[in-house]
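Let's walk through this structure together, starting with its charges and then moving on to its overall form. Have the sequence and the 3D view open side by side as you read.

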Amino acid sequence: MPDAEREREQRRLAQETKNERHMWWWLAYFLFGIHIVAFVMIYAVLHAPK
């Protein structure tokens, strides 16, 4: 039985690592997107007709 339990724990850790990696990629894309939006808004404000 300990082997099956160890296998289950290994699978859980592998899935957790995968989920964590996905979370970091999502966060990176999200922050990058926020910066793109901010730069576009700054550009729009600075180039708005007076």
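The protein chain carries 7 positive and 6 negative side chains, and the centres of the two sets lie 11 Å apart. In that count, Lys and Arg are positive and Asp and Glu negative, while His and the chain ends are not counted. Each charge is placed at NZ of Lys, CZ of Arg, CG of Asp or CD of Glu.

Before going further, a word on the model: it is predicted, so local features need pLDDT of at least 70 and side-chain atom pairs count only at pLDDT 80 or more, while totals for chains, interfaces and linings use all residues. Residues are numbered from 1 along each chain as its sequence is written, and side-chain values use heavy atoms, with hydrogens and water left out.

Now for the fold. The protein chain has 1 helix and 0 strands; these are DSSP runs numbered from the N terminus, with helices being H or I of at least four residues and strands E of at least two. How far does the C-alpha trace span along its principal axes? The answer is about 75 × 5 × 5 Å. The radius of gyration tells a matching part of the story: the protein chain has 22 Å, whereas a compact globule of 50 residues would have a value near 10 Å. That radius is taken over C-alpha atoms, and the globule rule is 2.2 Å times the number of residues to the power 0.38.

What about the surface? Buried residues make up 0% of the 50 residues in the protein chain. Here buried means under 20% relative accessible area, exposed over 50%, and partly exposed in between, using a 1.4 Å probe and protein chains only. The protein chain exposes about 5,200 Å², and carbon and sulfur atoms supply 69% of it. These areas come from the Shrake-Rupley method with a 1.4 Å probe; for residues, only the protein chains shown count as cover.

Let's return to the charged side chains. The structure holds 4 salt bridges, each being a side-chain nitrogen of Lys or Arg within 4 Å of a carboxyl oxygen of Asp or Glu. One of them joins D3 and R6, at 3.2 Å from N to O. D3 and R6 are separated by about one helical turn because they sit 3 residues apart in helix α1, and both are exposed.

Further along, R12 meets E9 in a salt bridge at 2.8 Å, N to O, and R12 also forms one with E16, where the closest N and O atoms are 2.7 Å apart. E9, R12 and E16 are thus linked in a network of salt bridges. R12 and E16 are 4 residues apart in helix α1, so about one helical turn separates them. R12 has a relative accessible area of 42% and is therefore partly exposed; E9 at 37% and E16 at 39% count as partly exposed too.

N19 also has its place in helix α1, which covers residues 2–46, and it counts as partly exposed because its relative accessibility is 42%. The C-alpha atoms of N19 and L46 are 41 Å apart, with these positions 27 residues apart along the chain.

Finally, an unreviewed UniProt entry lists residues 23–46 as "transmembrane region". UniProt positions follow the numbering used here, feature names are shortened, and annotations may be inferred rather than shown by experiment. In the model, residues 23–46 are 100% helix and 0% strand, and their end C-alpha atoms lie 35 Å apart.
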